[in-house]
Amino acid sequence: MNISKWITRENGELWLTEEDRDNLKISYRVKEIIHEEQSPFQHIMIVDLFDFGPSLILDGVVQTTSLDGHIYNEMISHIPLVTHPNPKKVLIIGGGDCGAAREAAKYKEVERIDMVEIDEAVVRLCKQYMPEVSGNLSDPRVNFIFADGIEYVKTKQNEYDVIIIDSSDPVGPAVGLFHQEFYAGAKKALKQDGIIVCQSESPLFYMQTLNNTRASLKGIFQITRTYLAVVPTYPGGFWSFTLASDKHDPLTWRREWDKEAKYVSEGIIKSCFVIPGFILNKLDK
Ligand code: SAM
């Protein structure tokens with residue numbers, strides 16, 4: 001098997017190096033390259049990393065690992081889903097590792113989960129090689145649509161209770177998922193009392209992206225709330241999510257928490273909206 005440009009051999013050991021930005025590279029020791037392919041959209045690797053287990057790498061960037069993928073996937077799904085009083089129709093944009101869909105499927109009242117992922121290969125490979133994250137999803141309520149989420153939302157109106165934007169970083173096909181125009185389209189696809197949530201990047205290194213996301217959502221929704229989790233494999237550890245709605249505010253209302261999860265709990269749901277001072281100071285109010 002070829003060794004991709006992100007993996008080097010040093011003293012007989014394989015190392016994956018994620019180049020996050022000019023000032024930061026993160027290296028992981030690789031046990032085994034399980035699979036590698038170039039899709040029409042991105043370079044995809046499933047790599048078994050020491051300590052982290054089987055992991056999904058897109059264009060050299062770690063997306064989800066068996067060790068900590070659940071933290072991100074539980075946080076991006078359960079916070080909007082416990083905030084909505086009766087989520088029946090859920091749309092996930094991106095989310096190719098299937099972890100968010102797996103969490104959404106824990107809600108009995110959810111009748112349909114449309115998962116719009118641009119790259120069919122990500123879903124196929126995660127189902128095959130990363131069942132710890134994807135759950136090898138076969139729930140009949142999950143409807144896979146392999147399409148560009150930006151175009152997809154333009155075709156929908158007043159349809160979804162919850163929209164989860166589970167995108168990769170704003171590069172390549174995901175750039176448009178961070179634009180105001182896309183959020184406006186997503187708002188039309190939501191029902192009037194719907195909730196949207198998106199991953200809004202690192203509050204340490206990409207505060208501008210987080211503030212832009214907040215500004216875009218504040219421009220079109222009555223309520224905008226940012227919350228945090230710590231995801232060890234995301235550069236800087238802290239990760240932000242931003243939720244918006246015209247009706248439901250997670251700070252004043254939520255349903256009882258009764259799901260099985262590894263990270264999310266009643267306490268986490270309450271505390272995740274508490275933003276440490278050094279981040280709060282830089283957050284546009
Ligand atoms: N948990 C991950 C993180 O934050 O690093 C991201 C989850 S998931 C792997 C992101 C997915 O978004 C990828 O599989 C990618 O193919 C998909 N994606 C990127 N741009 C997209 C678009 N315009 N429409 C639909 N899916 C898109």
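**Exercise 1. The largest nonpolar core**

Task: In this predicted model, find which members of the largest nonpolar core touch the most other members, and which elements supply the core.

Solution.
Step 1. The largest nonpolar core holds 37 residues, and M75, I79, V90, I92, I113, Y227 and F241 touch the most other members.
Step 2. Two or more residues each come from the helices α1 (69–83) and α2 (99–104) and from the strands β7 (89–94), β8 (112–117), β10 (160–166), β11 (190–199), β12 (223–230) and β13 (238–245).
Step 3. The element that gives the most is α1, with 7 residues.
Step 4. Next, look for a further core: a second one, separate from this, has 23 residues, among them Y152, Y160, L190 and A244.

**Exercise 2. The surroundings of V90**

Task: List the residues that V90 touches, leaving out those up to four places away in sequence.

Solution.
Step 1. Contact here requires heavy atoms within 4.5 Å.
Step 2. With that cut-off, V90 touches L81, V110, R112, I113, D114, Y160, V162 and I164.

**Exercise 3. The open sheet**

Task: Give the strand order of the 7-stranded open sheet and work out which strands stand at its edges.

Solution.
Step 1. The order is β9-β8-β7-β10-β11-β13-β12, with mixed pairing.
Step 2. β9 (142–146) and β12 are the edge strands; each has a single partner strand, so one side of each lacks a neighbour in the sheet.
Step 3. On average, neighbouring strands of this sheet are turned by 15° against each other, direction ignored.
Step 4. Within the sheet, β11 and β13 run antiparallel and are joined by 5 bridges. I195 stands opposite S245 in β13.
Step 5. Add the helix packed here: α3 (residues 120–129) lies across β8 and β9 and runs at about 135° to β9.

**Exercise 4. The chain as a whole**

Task: Decide how the radius of gyration of the protein chain compares with the globule rule, then describe its burial and contacts.

Solution.
Step 1. The chain has 9 helices and 13 strands.
Step 2. Its radius of gyration is 18 Å, close to the 19 Å from the globule rule for 285 residues, so the chain is as compact as a globular protein of that length.
Step 3. The C-alpha trace spans about 55 × 45 × 35 Å along its principal axes.
Step 4. Taking buried as under 20% relative accessible area, 56% of the 285 residues qualify.
Step 5. Among contacts with a separation of 6 or more, 67% are between residues 24 or more positions apart.
Step 6. The chain exposes about 12400 Å², of which carbon and sulfur atoms supply 49%.

How values were computed:
Residues are numbered from 1 along each chain as its sequence is written. This is a predicted model: local features need pLDDT of at least 70, side-chain atom pairs count only at pLDDT 80 or more; totals for chains, interfaces and linings use all residues. Side-chain values use heavy atoms; hydrogens and water are left out. A nonpolar core is a set of buried Ala, Val, Leu, Ile, Met, Phe, Trp, Tyr and Cys residues joined through side-chain atoms within 4.5 Å. Buried means under 20% relative accessible area, exposed over 50%, partly exposed in between (1.4 Å probe, protein chains only). Helices (H or I, at least four residues) and strands (E, at least two) are DSSP runs, numbered from the N terminus. Two strands pair if DSSP finds at least two bridges between them. Axes are lines fitted to C-alpha atoms, for helices over the stretch in contact, and angles run from 0 to 180 degrees between N-to-C directions. The radius of gyration is taken over C-alpha atoms; the globule rule is 2.2 Å times the number of residues to the power 0.38. Accessible areas come from the Shrake-Rupley method with a 1.4 Å probe; for residues, only the protein chains shown count as cover.
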